[in-house]
Amino acid sequence: MRIAITRDVSPAIVNCELTHIERAPIDFQLVRRQHKAYEECLKNLNIKVIRLPAEPDFPDSMFVEDTAIVLDEMAVITHPGAASRRGETASIATALSPFRKLFRIESPGTIDGGDVLRIGKALYIGMSGRSNPEGSAQLQRVVSLFGYRVVNVEVTGCLHLKSAITQVTDNAVLINPAWVDQKYFENVRFIEVDSSEPDSANGLWESGALLYPSSFPRTAEKLKHEGISLRILDVSEVAKAEGALTCCSLIFNESPV
């Protein structure tokens, strides 16, 4: 059984952290509908969704991906790069504790889960404004016990590594080469985003399908041409909070290895 942990949208989302985009009005009811459609899409892929209640004090708390790194054998509770988000981790740790043994990133280390791209036994860590070398070093010490290796990756022009690159099939990644260099990644095939859609590299590959935003039709056509099965979702309001599809869930096998 695959599990997805999600969280209802905070009514304070209008006060979310923003780094690379200008603030725009967020329609609270619409963003909740978009988030619910996302959860329904996961359920249709036979994933069990565990929805946590909204955290009114934490505007960005729907973006649960940033608070933990869930691997087959254990999970790591992160120390988010934005101080305003560090209170989100307590309830995530409680939610994950029935499923995994937990480890933690401690200050001065910082890591956002959005900066962590797992491909096989490699964990690529974006050195962004939210994740730092100390956080990566702490993560390396933990995950090496389970046979994983960590590769630090320079990221420019976007919030997280997974704003610039995500996995879209067993052996292919979708990448914006203006924001991250291909040289860091091994044994993968690269599909480049359409140059007119720089924000289009984030898709959620799960259970043989790729959840993908409706905002990027040209890149979607590229993906379809590659034979990738797409589930198109409108996440326009989510994007106004500098969020994306991978941000909104923590997905893992119910039982650890």
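**A short tour of the fold**

Start by selecting residues 2–7 and 47–52: these are strands E1 and E2, which run parallel and are joined by six bridges. (Strands are DSSP runs of E with at least two residues, helices are runs of H or I with at least four, and both are numbered from the N terminus; two strands pair if DSSP finds at least two bridges between them.) Zoom in on Thr-6, whose bridge partner in E2 is Arg-51. Next, add residues 28–44, helix H1, through which the chain crosses from E1 to E2 in a right-handed β-α-β crossover. Right-handed means that, with the strands pointing away from you, the path from the first strand over the helix to the second runs clockwise.

A word on what you are viewing: this is a predicted model, in which local features need pLDDT of at least 70 and side-chain atom pairs count only at pLDDT 80 or more, while totals for chains, interfaces and linings use all residues. Residues are numbered from 1 along each chain as its sequence is written, and side-chain values use heavy atoms, without hydrogens and water.

Now move to an open sheet of three strands, ordered E9-E10-E11 with mixed pairing. Select 165–167 (E9) and 189–192 (E11), the edge strands, each pairing on one side only. Then select 172–175, strand E10, which runs antiparallel to E9 and is joined to E9 by three bridges. Look for Gln-167, whose bridge partner in E10 is Val-173.

Finally, zoom out to the whole protein, with its six helices and 15 strands. The C-alpha atoms fill a box of roughly 40 × 40 × 35 Å along the principal axes.
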